[in-house]
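Here is a short walk through a protein model for someone meeting it fresh. Have a look at it, then read on.

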Amino acid sequence: MAESARPAHIPVLLDRTINLLRPALEKGPAVVVDGTLGLGGHSEAMLTAFPELTLVGLDRDPRALELAGARLAPFGERAKLVHAVYDELPSALDGLGIDHVDGVLFDLGVSSMQLDEADRGFAYAKDAPLDMRMDPTAGLTAADVLNEYAPGELIRVLRDYGEERFAKRIVSAVVRERTKEPFTTSARLVQLLYDAVPAATRRTGGHPAKRTFQALRIEVNGELEVWRRALPNALDALAPEGRVVVLSYHSLEDKITKRELVARSTSRTPVGLPVELPGHGPEFRLITRGSEPATEEEIAQNPRAASVRLRAAERIGEAS
């Protein structure tokens with residue numbers, strides 16, 4: 001990728017995201033968290049749309065922070081960037097002396113930059129080292145998972161995180177091949193997957209590597225475990241009338257999002273009681289009907305929006 005302060009990419013559902021956050025961010029000075037900063041496209045748009053806004057941008061990827069930092073430099077102290085995983089939001093805010101925020105955005109999954117930089121190993125269409133770490137300075141790589149996990153654990157990863165129905169068949173081939181030579185690059189794995197997945201499925205089920213690469217990426221980065229911690233932390237940080245917007249790209253993320261938002265938007269008063277018990281009412285109200293997909297027009301302009309599902313909610317209560 002070129003060394004540019006404004007990398008060429010299109011933020012997913014940008015206008016819809018800004019409009020959903022607008023009621024919480026346009027009332028004078030406000031604070032928003034972009035929990036998945038990436039290349040800073042959403043952050044730049046929010047800082048531009050709301051001149052009194054302060055943004056806290058989190059990302060685990062040092063390269064993303066570098067590029068987004070250059071992009072957001074014109075906003076000066078209004079953009080505060082932190083090297084952190086998004087479940088570390090409470091400590092990031094504490095370090096900045098911020099008690100509550102008015103908005104939170106999460107654009108989950110792998111970023112445009114990570115897909116486009118071939119040596120990161122996220123894209124099965126490009127031969128590259130099997131890394132897949134969002135923070136390339138820490139943790140297991142995808143190669144470590146393939147070469148070191150017990151067969152049962154590998155099957156669990158492919159089934160649970162990739163929803164791969166041929167997990168046993170794929171893992172048998174992986175175990176057989178890794179005894180000959182450890183896996184190091186993506187091309188060898190892609191060929192194995194192409195051979196292991198039945199021809200009929202290859203013709204109708206998309207690229208045979210898609211589900212396995214997704215599963216490995218989620219395992220390497222602990223994405224679902226992190227998300228289960230991150231969303232409650234973000235909701236707890238929101239001030240009254242604060243809003244959260246979540247962009248998910250596969251059903252596993254969206255199920256976690258739906259479960260938490262519905263639970264927070266439901267009364268805990270026992271059914272049948274004539275009045276709401278103090279402290280038992282809903283904390284949030286849902287501001288989208290279910291999960292919203294991208295429009296056909298947006299997908300045509302930005303193919304990475306094809307699988308997105310958006311959910312949003314607002315904290316109940318009067319703004320102070």
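How many bridges join S4 to S5, and do these strands run parallel or antiparallel? There are six bridges, and S4 and S5 run parallel. Two strands count as paired if DSSP finds at least two bridges between them, and the strands themselves (E, at least two residues), like the helices (H or I, at least four), are DSSP runs numbered from the N terminus.

Before going further, a word on the source: this is a predicted model, where local features need pLDDT of at least 70 and side-chain atom pairs count only at pLDDT 80 or more, while totals for chains, interfaces and linings use all residues. Residues are numbered from 1 along each chain as its sequence is written, and side-chain values use heavy atoms, with hydrogens and water left out.

**The sheet**

The protein chain has 14 helices and seven strands. An open sheet of seven strands follows the order S3-S2-S1-S4-S5-S7-S6, with mixed pairing. At its edges stand S3 (79-83) and S6 (284-286), each with a single partner strand, so one side of each has no neighbour in the sheet. On average, neighbouring strands here are turned by 15° against each other, direction ignored; axes are lines fitted to C-alpha atoms, for helices over the stretch in contact, and angles run from 0 to 180 degrees between N-to-C directions.

Here are three of the strand pairs.

| Strand pair | Bridges | Direction |
|---|---|---|
| S1 (residues 30-34) and S4 (residues 101-107) | three bridges | parallel |
| S4 and S5 | six bridges | parallel |
| S5 and S7 (residues 309-315) | six bridges | antiparallel |

You can follow a line of residues across these strands. Val 33 has Val 104 in S4 as its bridge partner, Val 104 stands opposite Val 244 in S5, and Val 244 stands opposite Ala 313 in S7. S5 is mostly covered, with nine of its eleven residues buried; buried means under 20% relative accessible area, exposed over 50%, and partly exposed in between (1.4 Å probe, protein chains only).

**Helices on the sheet**

H2 lies across S1, S2 (53-59), S3, S4 and S5 (238-248), running at about 170° to S2. H3 (residues 62-72) also packs on the sheet, touching S2 and S3, and its direction makes about 170° with that of S3. What about the surroundings of H2? Seven of the nine residues of H2 (residues 41-49) are buried, so this helix is largely enclosed by the rest of the structure. Among those buried are His 42, Ser 43 and Glu 44.

**Inside the chain**

Of the 320 residues, 52% count as buried. The largest nonpolar core has 65 residues, and Val 101, Leu 130, Ile 170, Trp 227 and Val 244 have the most contacts inside it. Such a core is a set of buried Ala, Val, Leu, Ile, Met, Phe, Trp, Tyr and Cys residues joined through side-chain atoms within 4.5 Å. Its largest share, eight residues, comes from H12 (residues 223-237). Apart from this core lies another, of 31 residues, including Phe 75 and Leu 247.

H12 also holds Glu 223, which is buried, with a relative accessible area of 3%. Leaving aside neighbours within four places in sequence, Glu 223 is in contact (heavy atoms within 4.5 Å) with Tyr 86, Gly 109, Met 134, Arg 217, Ile 218 and Glu 253.
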